[in-house]
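Good morning. I will take a few minutes on one structure, beginning with the overall chain and then turning to one pair of helices. Please have a look at it first.

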Amino acid sequence: MTFVLDASTTLAWAFVDEDSETSRVALDRLQEATAVVPVIWLIEVANALLVAERRGRLTADQSARFVEFISGLPIEVDTVGLETVFDRALPLARVLGLSVYDAMYLDLARRDRVPLVTLDRRLADAARRMGVPLLEETVA
């Protein structure tokens with residue numbers, strides 16, 4: 001089964017204090033499934049790692065090891081969403097009160113008709129309102 005993986009879930013794997021049942025379910029699921037992410041995921045994860053380095057939460061070596069770790073996972077980057085950001089993600093963000101970044105994840109899950117995994121409560125609530133299943137609810 002394919003699912004959309006967001007940055008909040010991904011980053012929970014990098015920080016022990018952000019570990020959660022949802023993030024563990026997603027990581028376990030990647031043993032048998034593929035995650036798909038919008039292009040913005042790359043930027044969000046990279047930026048969060050850099051901020052963590054600047055705040056002393058991670059070293060550059062730890063960030064590099066984490067990037068190596070996630071690079072080895074079955075994660076595919078969707079580029080189609082870039083073509084529809086103004087037509088789909090922006091209006092979705094307006095209607096649901098999300099950032100365009102978060103709307104990109106939701107739009108991808110809707111477009112591909114796959115579950116979304118997120119630790120972001122606002123995004124999870126928006127997904128439920130739009131009828132997009134959440135990964136942790138599909139395996140419970």
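Let us start with the order of elements. Along the sequence, the protein chain reads β-α-α-β-α-α-β-α-α-α-β-α-α. In total, that is nine helices and four strands. Keep in mind that this is a predicted model.

Next, the overall dimensions. How compact is the protein chain for its length? Its radius of gyration is 15 Å, and the globule rule gives 14 Å for 140 residues; the two are close, so the chain is as compact as a globular protein of that length. The C-alpha trace spans about 40 × 30 × 25 Å along its principal axes.

Of the 140 residues, 46% are buried. As for contacts, take those in the chain with a separation of 6 or more: 65% of them come from residues 24 or more positions apart.

Now to the pair of helices. Helix α7 covers residues 100–112, and helix α8 covers residues 121–129. They pack at an angle of about 40°, and their axes are 10 Å apart. Angles from 35 to 65 degrees fall outside both the roughly parallel and the roughly perpendicular ranges, so α7 is oblique to α8. The crossing of these two helices is right-handed.

Which residues meet there? On the α7 side they are D102, Y105 and L106, and on the α8 side they are L123, A126 and A127. By type, the residues of this contact comprise five nonpolar, no polar and one charged.

That is the end of my part.

Notes. Residues numbered from 1 in each chain as written. Predicted model: local features only at pLDDT ≥ 70, side-chain atom pairs only at ≥ 80, totals over all residues. Heavy atoms only, no water. Axes fitted to C-alpha atoms, helices over the stretch in contact; angles between N-to-C directions. Parallel < 35°, antiparallel > 145°, perpendicular 65-115°, else oblique. Left-handed = near helix turned anticlockwise from the far one by under 90°. Contact = heavy atoms within 4.5 Å. Nonpolar A, V, L, I, M, F, W, Y, C, P; charged D, E, K, R; others polar. Rg over C-alpha atoms; globule rule 2.2 N^0.38 Å. Buried < 20%, exposed > 50% of the residue type's maximum accessible area, 1.4 Å probe, protein only.
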